[in-house]
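Here is a short note to go with the structure, written for someone meeting it for the first time. Keep the 3D view open as you read and visit each place in turn.

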Amino acid sequence: MTVRSAVRWAATHGAMRVAIRARARQGNADAEILHDPSVREDPYGHYERLRTQEPFTGGAFARVSVHHDVCTEVLRDHDHFGQIGGNRTEGLPPVLQRALRLAGPRPSIGPIDPPSMLAVDPPEHTRYRRLVSRAFSARAVAHLRERTGQIAGELLDDLARAAPGDQPVDLVARYASLLPVTVISEMLGVPVGMRRQFLAWGDGATPSLDMGLPWTTHRSVERNLAELDAWFRGHLRRLRADPGDDLLSALVTSTDDDGSGLSEQELVATAALVFGAGFETTVNLVSNGTALLLAHPDQRRLLADDPSLWPNAVDEMLRVESPVQRTGRRVKQDTTVRGVPLAEGDLVLLVLAAANRDPQVFEDPHTFDVTRPNARDHVAFSSGIHFCLGAALARMEGEVALRALFGRFPDLAPAGAGRRRSTIILRGYESLPVTPGRPVPASSTPAAEGSSSSG
Ligand code: HEM
């Protein structure tokens, strides 16, 4: 088991680390971002070094684009581009590809491994997505707004109790992480009492999205994924025997047009993806959004004076501090993008966070402006058929969570520098110390008031 795991690491992350380090030494801006966590503290200047007139620049190991129009074109062209999926070995020397075949795939399923919908192309993608999409429609999400407001209120009560006399508290541990995991647990029908365990598994597993992991992180990722996988298999078995009124129960009992249901692998992949995506990203929206408002009192004042700006503010937060910084696609058949020929099998990396600061689309792109008229044109939720399934839910949660927080604690203030997560693809805070200040009574906090953001 350990030997196989070591071979898998050496042939993928290990080899990639060597290549990234070499390119970083040559001054490649993309490789520097991947290689050096301190660069990732503030990657935006580095992204600008990639912004040339050309549609793509040479990245650490693939072509990279930071342009909004190029990213959108690639993400929407499903004839020529597909998911990277399990084929993350392309470009590896044949000897490493052989080693990887011998080691075999990881026994547990990860959120971005096939058959996760995020890792496959149509027709499989269409089938998996259809089975869960209704639960995430704007209409379904609108029904969850009130309950989300209640959850926010309860967590803020706890926060007020935890920090009497204005002691510092960690906003991530106490609020930003707990709100989304509670909401998605209730939706899916997984026990809310286990939410801290889920957060621990989720945090341990999310580096699996990144490439070039150190050995110890890779080991910890495999362990966390294995535990999560085993738990989900047991849980789905229990639901099959005794289904409830929740999304996972609906999934285990659902059948396709031809009468067949999802296989065990497909079920676990779908459940784990929807669950993990449901909290590992929104936590970053809430923590990034809090940090942005703490750093921009003028914007905070605008929101206090005109709460109808909140939905737009959430999109502006997603634009300037995108929780998912990049994604990638594989060329399915030879094509040309803006005059650049791309061959079948090539990888293309799309830096969503940089596309969201493209001066061709966003005026004064590095400025955080909650009144920006086209904030919603960002690609933080991607584009095309893999456009985030949970976008309406995330927008609603972000708005309810932040509005409730700043409404209940008008004097909320930073209490020292936060610590960023070290992940490459996901950007957010591991911890964000704040002093809440004196709370406004809960009844006067408009946490769950309606707005258009869930549409
Ligand atoms: C601020 C929060 C969120 C952000 C920034 C975000 C971002 C993204 C992005 C960029 C993608 C597409 C990646 C690609 O094209 O390669 C995606 C896909 C997805 N997201 Fe989200 N997400 C968020 C919240 C959520 C939530 C709350 C859920 C709830 C279930 C969710 C579920 C999914 C799923 C299932 C997919 C795969 C869709 C598909 O492949 O068709 N996400 N998300």
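**Notes for a first look**

1. Let's begin with a pair of strands: β3 and β5 run antiparallel, joined by 2 bridges. One pairing to find in the view is that of Phe81, whose bridge partner in β5 is Val331. Please keep in mind throughout that this is a predicted model.

2. β5 has another partner as well. With β8 it pairs in the antiparallel sense, over 4 bridges. Here you can look for Gly328, whose bridge partner in β8 is Leu349.

3. How many of the residues of β5 are buried? The count is 5 of the 5, so the strand is largely enclosed by the rest of the structure. In a regular strand, side chains alternate between the two faces of the sheet. For β5, both faces are covered: Thr327, Arg329 and Val331 are buried on one side, and Gly328 and Arg330 are buried on the other.

4. Next, turn to helix α5, residues 68-76. Its buried residues are His68, Val70, Cys71, Val74 and Leu75. Viewed down the axis of α5, these fall within an arc of 170 degrees, so they line one face of the helix. And what covers them? The cover includes the strands β2 (63-65), β3 (81-82), β5 (327-331), β6 (335-337) and β8 (347-350), together with the helix α18 (352-355). So you meet β5 again here, as part of the cover over the buried residues of α5, which makes a handy link between this point and the strands above.

5. Helix α11, residues 195-205, makes a good companion to that view. Phe198, Trp201, Gly202 and Ala205 are its buried residues. They span an arc of only 100 degrees around the axis, which puts them on the same side of α11. Among the elements covering them are the helices α10 (178-188), α12 (215-241) and α14.

6. Now for the nonpolar interior. The largest nonpolar core holds 120 residues, and those with the most contacts inside it are Leu179, Ala271, Ala272, Val351, Leu352 and Leu405. Leu179 is a good one to select and inspect. Apart from its neighbours within four places in sequence, Leu179 is in contact with Ile151, Ala152, Leu155, Val286, Glu397 and Ala401.

7. Which residues are closest to the ligand? They are Ala277, Thr281, Ser382, Cys388 and Gly390, out of 22 residues that surround it. Helices α14 (264-280), α15 (282-295) and α19 each supply at least two residues of this shell, and α14 gives the most, with 4 residues. By type, the shell divides into 14 nonpolar residues, 7 polar and 1 charged.

8. Ser382 deserves a second look, since I named it above among the residues closest to the ligand. Ser382 is found in the loop between α18 and α19, and its phi is near 70 degrees, a positive value in a residue other than glycine. Is Ser382 buried, exposed or partly exposed? It has 19 C-beta neighbours inside 10 Å, and a residue needs 20 or more to be buried, so Ser382 counts as partly exposed.

9. The loop between α18 and α19 also contains Asp364. Here too phi is positive in a residue other than glycine, with a value near 50 degrees. Asp364 counts as exposed because it has 9 C-beta neighbours inside 10 Å.

10. If you like unusual backbone details, visit the loop between α6 (94-103) and α7 (124-133), where Pro115 is found. The peptide bond from Pro114 to Pro115 is cis, with omega near 5 degrees. Pro123 lies in the loop between α6 and α7 too, and a cis peptide bond joins Pro122 to Pro123, with omega about 10 degrees.

11. Last stop: Asp166, in the loop between α8 (138-162) and β4 (169-170). Where along the chain should you look for its contacts? Not counting residues up to four places away in sequence, Asp166 touches Thr435 and Gly437. The C-alpha atoms of Asp166 and Pro436 are separated by 6.3 Å, although the two residues are 270 residues apart along the chain. Asp166 has 13 C-beta neighbours inside 10 Å, so it counts as partly exposed.

Terms used
Residues numbered from 1 in each chain as written. Predicted model: local features only at pLDDT ≥ 70, side-chain atom pairs only at ≥ 80, totals over all residues. Buried ≥ 20, exposed ≤ 12 C-beta atoms within 10 Å, placed from the backbone. Arc of directions from axis to C-beta. Contact = placed C-beta atoms within 7 Å. Near = placed C-beta within 6 Å. Nonpolar A, V, L, I, M, F, W, Y, C, P; charged D, E, K, R; others polar. Core = buried A, V, L, I, M, F, W, Y, C linked by C-beta atoms within 7 Å. Pairing = 2+ DSSP bridges.
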